[in-house]
Amino acid sequence: MNKTGNVRLVGQTASAGFQIGIRRTLPISPEQAWAFLTSSEGLKLWIGTVSFRKLKEGETFISEEGITGQFRVVKPPRQIRLKWGKTGWDKPSTLQIRLLSDKPDRTTISFHQENLDHPGTREQMKLHWEDVLNAVREKTSYSLKHNEEMNTYE
């Protein structure tokens with residue numbers, strides 16, 4: 001219960017609507033995680049199909065899938081913060097992606113999204129970011145395994 005006596009729902013903030021945070025630790029370096037997330041294959045997972053080549057602060061986008069946004073903070077290989085919205089949303093959310101690592105071969109990829117309008121939207125985005133992180137894990141582990149196999153035959 002908050003100060004006004006109202007019950008706050010799971011993921012509800014005092015001033016920023018609803019939020020969700022999802023993270024996974026993968027056996028890759030922050031540089032490998034950044035390279036994948038900012039590649040066209042990686043971008044397709046969390047933004048969709050876009051035409052720009054490089055993330056830069058102030059850059060706006062609209063993906064073929066209807067995701068819109070603007071990059072606010074781009075700090076390779078650690079942080080991306082942007083406005084992120086879907087077709088049909090009244091207003092965009094704030095999405096922050098952080099790459100956290102204290103070991104060269106392990107990185108925690110964190111998606112944190114706030115300013116969501118409803119608990120249903122929060123649940124939808126929770127499932128979405130879980131799917132994105134599962135796909136990142138699958139694609140980066142395949143890539144690492146494939147590279148190791150290639151190195152074995154050289």
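Is Phe52 buried or exposed? In this predicted model, Phe52 is buried, with a relative accessible area of 14%. That residue makes a handy starting point for a walk through the aromatic rings, the main pocket and the nonpolar core.

**Aromatic pairs**

The structure holds 6 aromatic pairs. One of them joins Phe52 to Phe61: the ring planes meet at 55° and the centres are 6.1 Å apart, so this pair is tilted. Phe61 is buried too, at 6% relative accessibility. From Phe61 the trail leads on to Phe71, since these two residues also form a tilted aromatic pair. Here the partners come from distant parts of the chain: Phe61 sits in strand E2 (residues 60–62) and Phe71 in strand E3 (residues 67–75), 10 residues apart. Phe71 has a relative accessibility of 0% and therefore counts as buried, the cut-off being under 20%.

The two pairs look like this side by side:

| Aromatic pair | Centre to centre | Angle between planes | Class |
|---|---|---|---|
| Phe52 and Phe61 | 6.1 Å | 55° | tilted |
| Phe61 and Phe71 | 5.3 Å | 40° | tilted |

Elsewhere, ring pairs bring Trp84, Trp89, Phe111 and Trp129 together in a cluster.

**The largest pocket**

Phe52 turns up again in the lining of the largest pocket. This pocket has a volume of about 170 Å³. Alongside Phe52, its lining includes Thr38, Ser39, Ser40, Leu43 and Lys44, and also Gly48, Thr49, Val50, Ser51 and Arg53. Sorted by class, the lining has 6 polar, 3 nonpolar and 2 charged residues.

**The nonpolar core**

Now for the interior. The largest nonpolar core has 32 residues, and those with the most contacts inside it are Trp46, Phe71, Ile109, Phe111 and Trp129. Many elements take part: strand E1 (18–26), E3, strand E4 (79–86), strand E5 (93–103) and strand E6 (106–116) each supply at least two residues of this core, as do helix H1 (30–37), helix H2 (40–46) and helix H3 (119–152). H3 gives the most to the core, with 5 residues.

Which residues does Trp129 touch, leaving aside those up to four places away in sequence? They are Ile20, Ile22, Trp46, Trp84, Leu95, Phe111 and Gln113. Trp84 and Phe111 are also members of the ring cluster with Trp129, while Trp46 and Phe111 are, like Trp129, among the residues with the most contacts inside the core.

Methods: Residues are numbered from 1 along each chain as its sequence is written. This is a predicted model: local features need pLDDT of at least 70, side-chain atom pairs count only at pLDDT 80 or more; totals for chains, interfaces and linings use all residues. Side-chain values use heavy atoms; hydrogens and water are left out. Rings of Phe, Tyr and Trp (its six-membered ring) pair if their centres lie within 6.5 Å; planes under 30 degrees apart count as stacked, over 60 as edge-to-face and the rest as tilted. Buried means under 20% relative accessible area, exposed over 50%, partly exposed in between (1.4 Å probe, protein chains only). Helices (H or I, at least four residues) and strands (E, at least two) are DSSP runs, numbered from the N terminus. On a 1 Å grid over the protein atoms alone, a cavity is a set of points where a 1.4 Å probe fits but cannot get out, and a pocket is an open set with protein on both sides within 12 Å along at least five of seven lines; lining residues have an atom within 4 Å of a point. Grid points are joined across faces, edges and corners, and a volume is the space filled by probe spheres set on the points. Ala, Val, Leu, Ile, Met, Phe, Trp, Tyr, Cys and Pro count as nonpolar, Asp, Glu, Lys and Arg as charged, and the others, Gly among them, as polar. A nonpolar core is a set of buried Ala, Val, Leu, Ile, Met, Phe, Trp, Tyr and Cys residues joined through side-chain atoms within 4.5 Å. Contact means heavy atoms within 4.5 Å.
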